[in-house]
Amino acid sequence: IIVTDFAENFSIEVQDEVQSAHWRNVQVTLIPFVVYYRAENGEVNHISYVVVSDETKHDTVTFHLARSKVIR
């Protein structure tokens, strides 16, 4: 089972950046995934992934590409 949700867009900021960099508005989207799976001994385990994308549109193409990274 794969559970996911779109997180909001986050602005990238660098500590001690020069003033000219302050006016750049670089954003990324964080797409969290939790994959639940059953181990050979029958125990249910999980693995967490976060896909970081510079695509700020939340559409089906963005989701499909992020999901394909996790499934791979």
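Before we begin, one definition: two residues are in contact when they have heavy atoms within 4.5 Å of each other. With that in place, I can introduce the chain. Please bear in mind throughout that this is a predicted model.

In this protein chain, among contacts with a separation of 6 or more, 45% are between residues 24 or more positions apart. The chain contains two helices and four strands, and reading along the sequence gives the pattern β-β-α-β-β-α. It has 72 residues, of which 14% count as buried. The accessible surface amounts to about 5900 Å², and carbon and sulfur atoms hold 53% of that.

Let me turn to the interior. Which residues make up the largest nonpolar core? There are six: Ile31, Phe33, Val35, Val51, Ala66 and Val70. At least two residues of this core come from strand S3, and at least two from helix H2, which covers residues 60–71. The strand S3 gives the most, with three residues. As general background, nonpolar side chains in soluble globular proteins tend to be buried together.

I should like to look at two members of that core individually. The first topic is Ile31. Apart from its neighbours within four places in sequence, Ile31 is in contact with Thr4, Asp5, Phe6, Tyr49, Val50, Val51, Thr62 and Ala66. Two of these partners, Val51 and Ala66, are themselves listed in the core.

The second topic is Val35, which also lies in strand S3. Is Val35 buried or exposed? Its relative accessible area is 18%, and because the cut-off for buried is under 20%, Val35 counts as buried. With neighbours within four places again set aside, the contacts of Val35 are Ile1, Ile2, Asn45, His46, Ile47, Tyr49 and Val70. One of these partners, Ile1, stands 34 residues away along the chain, yet the C-alpha atoms of Val35 and Ile1 are separated by 5.8 Å.

Another partner of Val35 is Asn45, a residue of strand S4. Here the two positions are 10 residues apart along the chain, with 8.3 Å between their C-alpha atoms. Beyond residues up to four places away in sequence, Asn45 touches Val35, Tyr36, Tyr37 and Ala39.

Next, two threonines. Thr29 belongs to strand S3, which runs over residues 27–38. Why does Thr29 count as buried? The reason is that its relative accessibility is 0%. What does the side chain of Thr29 reach? It reaches the backbone oxygen of Glu55, at 3.0 Å.

Thr62, by contrast in location, is found in helix H2. Thr62 is buried as well, since its relative accessible area is 9%. Outside its neighbours within four places in sequence, Thr62 is in contact with Phe6, Ile31, Glu55 and Lys57. Glu55 therefore appears in both accounts: its backbone oxygen is reached by the side chain of Thr29, and Glu55 is in contact with Thr62, a residue that is buried because its relative accessible area is 9%.

Finally, the surface. Ile1, Val3, Tyr36 and Val44 make a nonpolar surface patch of about 410 Å². Val44 is in strand S4, residues 44–53. Two residues of this patch have been mentioned already: Ile1 is a contact of Val35, and Tyr36 is touched by Asn45.

To close, I return to the core, where strand S3 supplies three residues, and to the surface patch of about 410 Å². Thank you for your attention.

Note on methods
Residues are numbered from 1 along each chain as its sequence is written. This is a predicted model: local features need pLDDT of at least 70, side-chain atom pairs count only at pLDDT 80 or more; totals for chains, interfaces and linings use all residues. Side-chain values use heavy atoms; hydrogens and water are left out. Buried means under 20% relative accessible area, exposed over 50%, partly exposed in between (1.4 Å probe, protein chains only). A polar contact is a pair of N or O atoms within 3.5 Å; within protein, one must be able to donate a hydrogen and the other to accept it, and residues adjacent in sequence count only if both atoms are side-chain atoms. A nonpolar core is a set of buried Ala, Val, Leu, Ile, Met, Phe, Trp, Tyr and Cys residues joined through side-chain atoms within 4.5 Å. Accessible areas come from the Shrake-Rupley method with a 1.4 Å probe; for residues, only the protein chains shown count as cover. Patches are made of residues with over 30% relative accessible area and no salt bridge: like charges are joined within 9 Å, nonpolar side chains (Val, Leu, Ile, Met, Phe, Trp, Tyr) within 5 Å. A salt bridge is a side-chain nitrogen of Lys or Arg within 4 Å of a carboxyl oxygen of Asp or Glu.
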